[in-house]
Amino acid sequence: MNLILLGAPGSGKGTEAKFLAEYYKIKKIVLGDILREEVKNNTSLGKIVSEYMKKGILVPDDIIMKVVREKLDSAGFVLDGFPRNLAQAEMLEEILKEKALSLDGVIYLKVNEEKAVERLSGRRVCKNCGAIYHIVNMPPQKEGICDKCGGKLIIRDDDREETVRKRWQVFRRETFPLISYYLKDSKLLEVDANKSKEEVFLEIKKALDSYGKDKDFSGN
Ligand SMILES: [Zn+2]
C-alpha cells in the first residue's frame, strides 16, 4: 500500500503516519526526519541541506526529489511532510511512473486551526531525552519535569503559537492546493482530525477499507 498523508501543522500527521506504518507494515517516510538525519551524519547531502537551513531557505525541490527517489520502492510507504506543494506533487508523479508504482490513497487530516494551536502550544518536550508531553492531554507528574529522566521540559520554537500560525499560513498557500489536485484523481480520503489520535486512526482505517474494497489492505 502506497499512501500520502496530508495535514496542517497540529493535525497529528506524525502520530498517524506511525500508526499506519505499524498496522499495514509499510515504510514511514518522513521527509523532515530524513533531512535532519543527513545533516546529523554530515553526509554530502547533509552538508548541502544544512547550508540552506542556516540561511533559513527551504531546501529546493530538486534536492528533495533526489532524496525521495532513493526511498520509494515496492515495499509500500506512507509519506509524511511530502509533497508540500504542487510542483513536488507533479515530480512525485514522475518518480512513481518511473518506478512503476502507484498511489493507493491520499489521506487528508482535516483539523481546525484553533484545535491545532491548542495541541501544539500545549506540547512540552524533554530537553534531555526528547520525551513528549502535553499540559492537558498528557501532563508530566511534576510540572516542567520529565517523568522518565527528570530532565527539564521546554516548548520547542516550532510549537509556539505565533510560529504555528505562520506555519498554517504556509500550509494554506503551498500545501492546501494539493487537496483539489488529489481530489481530481479520486484518491483523496478526508478524515476529521479534531478527535483523539486513536479515533482518527479508526477513521483512517475505515476510509481505506471502504475505498480499497477491491484491494487487499488487510495488512497481512
Ligand atoms: Zn526526559
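Guide: A residue counts as buried if 20 or more other C-beta atoms lie within 10 Å of its own, and as exposed if 12 or fewer do. The model discussed here is predicted.

Visitor: Which residues of strand β3 point the opposite way from Phe77 and Leu79?

Guide: Strand β3 covers residues 77-80, and its residues are buried whichever way they point. Phe77 and Leu79 point one way. The other way point Val78 and Asp80.

Visitor: Is Lys25 buried or exposed?

Guide: Lys25 lies in the loop between α1 and β2. Its count is 12 other C-beta atoms within 10 Å, and the cut-off for exposed is 12 or fewer. Lys25 is therefore exposed.

Visitor: How far apart in space are Lys25 and Asp158, C-alpha to C-alpha?

Guide: In sequence, Lys25 and Asp158 are separated by 133 residues. In space, their C-alpha to C-alpha distance is 30 Å.

Visitor: Which residue is the bridge partner of Lys28 in β3?

Guide: β2 and β3 run parallel and are joined by four bridges. Within β3, Lys28 has as its bridge partner Val78.

Visitor: And which residue of β3 is the bridge partner of Leu5?

Guide: Strand β1, residues 2-7, also pairs with β3 in the parallel sense, over four bridges. In β3, the partner of Leu5 is Asp80.

Visitor: What stands opposite Gly7 in β4?

Guide: β1 pairs with strand β4, residues 105-110, in the parallel sense over five bridges. Opposite Gly7 in β4 stands Leu109.

Visitor: Which strands stand at the edges of the sheet?

Guide: The open sheet has five strands in parallel pairing, ordered β2-β3-β1-β4-β8. An edge strand here has a single partner strand, so one of its sides is left without a neighbour in the sheet. The strands at the edges are β2 and β8.

Visitor: What angle does the direction of α1 make with that of β3?

Guide: Neighbouring strands of this sheet are turned against each other by 20° on average, direction ignored. Helix α1 packs on the sheet and touches β1, β2, β3 and β4. The angle between the directions of α1 and β3 is about 175°.

Visitor: How many nonpolar residues are in the contact of α1 with α9?

Guide: The axes of α1 (residues 13-24) and α9 (residues 197-211) come within 10 Å and cross at roughly 55°, so the two helices are oblique to each other. The contact is made by Thr15, Glu16, Phe19 and Leu20 of α1 and by Lys197, Val200, Phe201 and Ile204 of α9. One of these residues is polar, two are charged, and the nonpolar ones number five.

Notes. Residues numbered from 1 in each chain as written. Predicted model: local features only at pLDDT ≥ 70, side-chain atom pairs only at ≥ 80, totals over all residues. Axes fitted to C-alpha atoms, helices over the stretch in contact; angles between N-to-C directions. Parallel < 35°, antiparallel > 145°, perpendicular 65-115°, else oblique. Contact = placed C-beta atoms within 7 Å. Nonpolar A, V, L, I, M, F, W, Y, C, P; charged D, E, K, R; others polar. Pairing = 2+ DSSP bridges.
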